[in-house]
Amino acid sequence: MELQDKIVVITGAGSGIGRALATRFHAEGAKQIVCADINLANAQETADMIGGVAMMADVAKEEDTARIIEDTESNIGPIDLFCCNAGVGYGESIHSPNEQWQSIWDINVMSHVYAARHLVPRMVERGSGYFLNTCLLYTSDAADERSSVD
């Protein structure tokens, strides 16, 4: 995809892969990059590095994802590329509390559904748009636990 003059939204843009994507997309000539993160200070730091816009969003909440899409499209323009990059990996084992597993599910899976639900109809209507989904590969001692079962 050519990024020249495109409007991009990146979740999890406050650090790591999200910050690297923002930096690269800026170098490729994106028109505007929205740096969304649950930590607004980190999102702002990334945005300041590239002349972008920072937004706070907890992507585990559908209303936050809907808000960043609506705010971007209303105030900046149609989103050409939406990067579902926010992710977590803190379940230590299969015995981790259900609350941790639910949080992992909401952030790593449902946030992608929320973004698609609120943005795909707009992209279809205008005949263009892309999603980029970052998938988190996380390993834990679950493999050790599985291998010890005979």
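**A five-strand sheet and its helices**

Phe82 stands opposite Phe131 of strand S5. I begin with this pair, and I note at once that the model under discussion is predicted.

The two phenylalanines belong to a wider pairing: strand S4, residues 81-84, is joined to S5 by four bridges, and the two strands run parallel. They are part of an open sheet of five strands, paired in parallel, in the order S3-S2-S1-S4-S5. Which strands stand at the edges? They are S3, residues 53-56, and S5, residues 130-133; each has a single partner strand, so one side of each lacks a neighbour in the sheet. On average, neighbouring strands of this sheet are turned by 15° against each other, direction ignored.

I turn now to the helices. Helix H1, residues 16-27, lies across four strands: S1 (7-11), S2 (32-37), S4 and S5. Its direction is at about 165° to S1. Helix H4, residues 98-126, lies across S4 and S5, and runs at about 165° to S5.

Within helix H4, I would draw your attention to His112. Is this residue buried or exposed? His112 has a relative accessibility of 15%, and it counts as buried because that value is under the 20% cut-off. Which residues does His112 touch, leaving aside those up to four places away in sequence? They are Cys84, Ile107, Asn133 and Thr134. Of these, Cys84 falls in the range of S4, residues 81-84, and Asn133 in that of S5, residues 130-133. Finally, the side chain of His112 reaches the backbone oxygen of Asn108 at 3.4 Å.

How values were computed:
Residues are numbered from 1 along each chain as its sequence is written. This is a predicted model: local features need pLDDT of at least 70, side-chain atom pairs count only at pLDDT 80 or more; totals for chains, interfaces and linings use all residues. Side-chain values use heavy atoms; hydrogens and water are left out. Two strands pair if DSSP finds at least two bridges between them. Axes are lines fitted to C-alpha atoms, for helices over the stretch in contact, and angles run from 0 to 180 degrees between N-to-C directions. Contact means heavy atoms within 4.5 Å. Buried means under 20% relative accessible area, exposed over 50%, partly exposed in between (1.4 Å probe, protein chains only). A polar contact is a pair of N or O atoms within 3.5 Å; within protein, one must be able to donate a hydrogen and the other to accept it, and residues adjacent in sequence count only if both atoms are side-chain atoms.
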